[in-house]
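User: Please take a close look at the aromatic rings of this model and the residues placed around them. I am new to the structure and would value a connected account.

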Amino acid sequence: MKTVATPLPYDPALEQPAPDEAQTIRDLEEALRSIGETTFANGGHGLRTVHAKSHALLIGTFTVLDGLPAPYAQGLFAKPGRHEAILRISTNPGDILDDAVSVPRGLALKVVGVEGEHLAPNEAPTQDFVMVNGPAFLAPDPAAFAKSLSLLAKTTDRAPGLKKAFSTVARGAEQVIEAVGGESATLKSVGGHPMTNPLGETYYGQTPFRYGEHVAKFSLAPASDALKRLKDAELYLRGRPNGLRDSLIDHFHAQGGVWELRVQLRTNAETMPIEDASVIWPEEESPFLTVARVEVAPQESWSEARAAAIDDRMSFSVWHALAAHRPLGGINRARRETYAMSKDLRARQNGCPIHEPRAGAVPVR
């Protein structure tokens with residue numbers, strides 16, 4: 001394996017919180033609480049305040065590769081090993097929408113039974129990776145994110161027919177932009193995402209994380225031929241409110257999948273900022289390198305039982321992490337309290353405690 005330019009060292013001083021960040025986080029909590037209370041009032045069930053709708057809930061294995069170069073052999077990846085893994089494929093709104101409203105996709109990965117110093121030492125030792133299918137976060141910082149989220153909260157569970165109509169218009173506009181070599185993350189986020197199979201997507205952590213002695217971003221890319229063939233594969237979703245879920249169920253009934261977890265080390269302080277999550281770190285300066293493989297065998301990828309076990313009784317958070325992979329930057333700092341609030345709200349609404357799974361005791365098979 002080839003390494004990249006010398007990675008820059010991790011330093012706690014890399015983080016520079018804004019003076020009003022505490023208030024911004026309270027604003028974010030209020031917007032997310034509004035989403036959670038609205039969906040519960042309308043549906044009677046506590047949902048995640050973002051990525052509410054799951055399309056696949058998978059059990060697999062996570063294997064750290066042997067022979068990694070020294071800069072990459074850090075934290076979870078310091079030595080080769082094999083762990084149980086849980087994957088949740090979702091779409092980003094906080095309400096349950098018809099899949100004809102085509103929005104960005106997310107993939108959350110939970111690695112179970114991870115040894116080492118944890119940021120949440122009182123919980124079972126897991127390492128979560130929370131990713132979406134775009135390389136950069138829509139907002140640069142918590143303040144900008146709070147503004148967009150407050151607007152989103154006001155549309156939760158309202159005018160589903162209008163959302164479908166707008167999604168059609170947004171997809172058309174996005175196709176025009178992409179035809180001339182462009183792309184609009186904003187259009188994709190509000191319903192203009194192409195109607196493609198989530199299994200063909202590459203997913204990104206978007207925000208920076210400590211990587212032992214260094215700093216990095218994460219990505220998860222299809223590795224098996226079955227998944228690679230689904231890149232940009234179109235799905236017909238009109239009239240199929242759960243078309244994404246149904247398509248993934250069909251896939252995993254017949255075959256499994258393999259992904260590669262990849263790491264991009266921070267090598268340039270100017271082009272790879274910590275506090276601006278909207279900046280894509282240049283791959284020509286530091287390419288992603290594969291450090292682990294995620295494998296999933298054929299299985300029942302979604303059921304009411306799996307939804308009860310994973311959607312209701314589990315949470316995914318970048319703060320379920322080893323200290324060696326501490327989340328960095330304002331977006332990640334805002335996630336710590338807001339994710340915890342959302343989890344607690346959902347647990348109270350459903351009367352269902354949420355716990356981290358332990359190795360050998362993953363609750364669904």
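Which residue lies over the face of Phe288, and at what distance from the ring centre?

Analyst: This is a predicted model, in which local features need pLDDT of at least 70 and side-chain atom pairs count only at pLDDT 80 or more, while totals for chains, interfaces and linings use all residues. Residues are numbered from 1 along each chain as its sequence is written, and side-chain values use heavy atoms, without hydrogens and water.

The residue over the face of Phe288 is Arg262, at 4.8 Å from the ring centre. Trp302 has a charged residue over its face as well, namely Arg245, at 3.8 Å from the ring centre. A charge sits over a ring if NZ of Lys or CZ of Arg is within 6 Å of the ring centre and within 35 degrees of the ring normal.

Rings also meet one another: the structure holds nine aromatic pairs (Phe, Tyr or six-membered Trp rings with centres within 6.5 Å; stacked if the planes are under 30 degrees apart, edge-to-face if over 60, tilted for the rest). One of them joins Phe62 and Phe77 in a tilted arrangement, with 6.3 Å from centre to centre and 55° between the planes. Phe62 belongs to strand β1 (residues 53-64) and Phe77 to the loop between β1 and β2 (81-91), so this pair ties together parts that are 15 residues apart in sequence. Strands (E, at least two residues) and helices (H or I, at least four) are DSSP runs, numbered from the N terminus. Both partners are buried (under 20% relative accessible area; exposed is over 50%, partly exposed in between; 1.4 Å probe, protein chains only): Phe62 has a relative accessible area of 0%, and Phe77 has 1%. Ring pairs connect Phe62 and Phe77 with Phe129, Phe209, Tyr211 and Phe218 in a cluster.

Within this cluster, Phe209 and Tyr211 carry numbers that fall in strand β6 (209-211), and the loop between β5 (203-204) and β6 holds Gln206. Gln206 is not a glycine, yet its phi is positive, near 70°. Most residues other than glycine have a negative phi. Gln206 is buried, at 7% relative accessible area.

A positive phi, of about 55°, is found at His51 too, again in a residue that is not a glycine. His51 is placed in the loop between α1 (21-43) and β1, the strand that holds Phe62. With 17% relative accessibility, His51 counts as buried.
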